[in-house]
Amino acid sequence: MSRSMATRLRNMTTGPCSLPGCYLPRRRVSTYCEKHATHAWRYGDPSVIPLSRAELSSFKKHVVKVLKANGGHSALTAAYQAIQSLLDRATEAAELIKSRPGKGQPAAIVALMLHRLNAGGASPMELLATTAAICLYDQWRPFRTNLVRMCAIANALASAKQLGPELRKDPRYAFRFNNNSQAARVQLASYFVNIVGSVLPLIERAVEGALAVREKRTEAALEKLWQGQQEELKLPQVKRPSDKKLLSQMSPPAAPAPAENSSAPTASRITRTLMPDGKTVKVERLLADGQTIMTTYEPSNQRKAQ
Ligand SMILES: [Zn+2]
């Protein structure tokens, strides 16, 4: 073995993980560390963020509404039948499988996975809705690769039904669904994608239509709100304060506008009296030269010259 070959082999098995930013040692012949190799195995990419249940359900609820509103639709019925026959055929095949299939037998693993969904009571409608929801999600925010998309579909389908107690003890099954061979999971997802593909455009249009109606209703409600803002609010009733309060709160009347004659004498004494009508206040100014200026004003501070 040449030195360069040996070095390359050693680098292959002892170098750091090939994911940028990760310096953990590689796992056996993988180019990734233990953690990233497992992540790539489960989700189809070492760094992808798996599709969360919340994200999936936000799409799935719209699909389920459309499916429920179209119970007798011929294309949907045909798709349900195709899924049911897929499950039934797998159950027949699974009965012939006696031991846990190896990684080189994806067909047998797929048969067992489908049998498990069937035995768990997964309905064709539920499986179709899950697959369609992920396909719609993919159109809105595309998965990084097709492998990531297929892993997401297979993992979501599997989580639809947990392993029942009778299957849990069955040595033919992997404890965790996504511990199954990746090739088998991709195969399983592709069966469902092929069936759902025939009705996906129909579902997509119905979901979009329903969302458009909802958007219109939201707009109409907002429009109503906006119109409400155009109408002025009525003023609340205001009580007239008592005379005593009026006098105490009253600000002194503004000084009379300066006369043209700037040497006009300044006020030396001011007396205020409330007039008998209870509204008007009389102000008397006794000027230095003995002249008296009388003004009245009302609580609104509008001065009236006399
Ligand atoms: Zn790593």
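**Working through a helical model**

Trainee: Let's start with Tyr-191: buried, exposed or partly exposed?
Mentor: Tyr-191 counts as partly exposed, because it has 18 C-beta neighbours inside 10 Å, whereas 20 or more would make a residue buried. Keep in mind throughout that this is a predicted model.

Trainee: Which helix is Tyr-191 in?
Mentor: Tyr-191 lies in helix H9, and its C-alpha atom is separated by 10.0 Å from that of Val-110, although the two residues are 81 apart along the chain.

Trainee: OK, stepping back, how many helices and strands are there?
Mentor: The protein has 11 helices and 4 strands, and of its 306 residues 23% count as buried. Among contacts between residues at least 6 apart in sequence, 59% join residues at least 24 apart.

Trainee: And the largest nonpolar core, how many residues does that have?
Mentor: That core has 47 residues, and those with the most contacts inside it are Met-113, Ile-153, Ala-154 and Leu-157. Helices H3, H4, H5, H6, H7 and H9 are the elements that give two or more residues to this core.

Trainee: What does Ile-153 touch, leaving aside its neighbours within four places in sequence?
Mentor: With those neighbours set aside, Ile-153 is in contact with Thr-131, Ile-134, Ala-189, Phe-192 and Val-193. Of these partners, Thr-131 and Ile-134 are among the buried residues of H6.

Trainee: What do the buried residues of H6 pack against?
Mentor: They pack against H3, H4, H5, H7, H9 and helix H10, which covers residues 200-230. Other buried residues of H6 include Pro-124, Leu-127, Cys-135 and Tyr-137.

Trainee: How far apart are the end C-alpha atoms of H6?
Mentor: They are 24 Å apart, which agrees with the 24 Å that its 17 residues should span at 1.5 Å a residue.

Trainee: Switching to H3 and H10, how do they cross?
Mentor: Their axes come within 9 Å and cross at roughly 105 degrees, and since angles of 65 to 115 degrees count as roughly perpendicular, H3 and H10 are therefore described as roughly perpendicular to each other.

Trainee: Which residues meet there?
Mentor: From H3 there are His-62, Val-63, Lys-65 and Val-66, which meet Ile-203, Ala-206, Val-207 and Ala-210 in H10.

Trainee: Last topic, the strands: how do S2 and S3 run?
Mentor: Strand S2, residues 281-287, and strand S3, residues 292-297, run antiparallel and are joined by 6 bridges, with Leu-286 standing opposite Thr-292 in S3.

Trainee: And what is in the turn?
Mentor: The two strands form a hairpin with 4 residues between them, and Gly-290 in the turn has a positive phi of about 90 degrees.

Methods:
Residues are numbered from 1 along each chain as its sequence is written. This is a predicted model: local features need pLDDT of at least 70, side-chain atom pairs count only at pLDDT 80 or more; totals for chains, interfaces and linings use all residues. A nonpolar core is a set of buried Ala, Val, Leu, Ile, Met, Phe, Trp, Tyr and Cys residues joined through C-beta atoms within 7 Å. A residue is buried if 20 or more other C-beta atoms lie within 10 Å of its own, exposed if 12 or fewer, and partly exposed in between; C-beta atoms are placed from the backbone. Two residues are in contact if their C-beta atoms, placed from the backbone, lie within 7 Å. Two strands pair if DSSP finds at least two bridges between them. The expected span of a helix is 1.5 Å times one less than its number of residues. Axes are lines fitted to C-alpha atoms, for helices over the stretch in contact, and angles run from 0 to 180 degrees between N-to-C directions. Angles under 35 degrees count as roughly parallel, over 145 as roughly antiparallel, 65 to 115 as roughly perpendicular and the rest as oblique.
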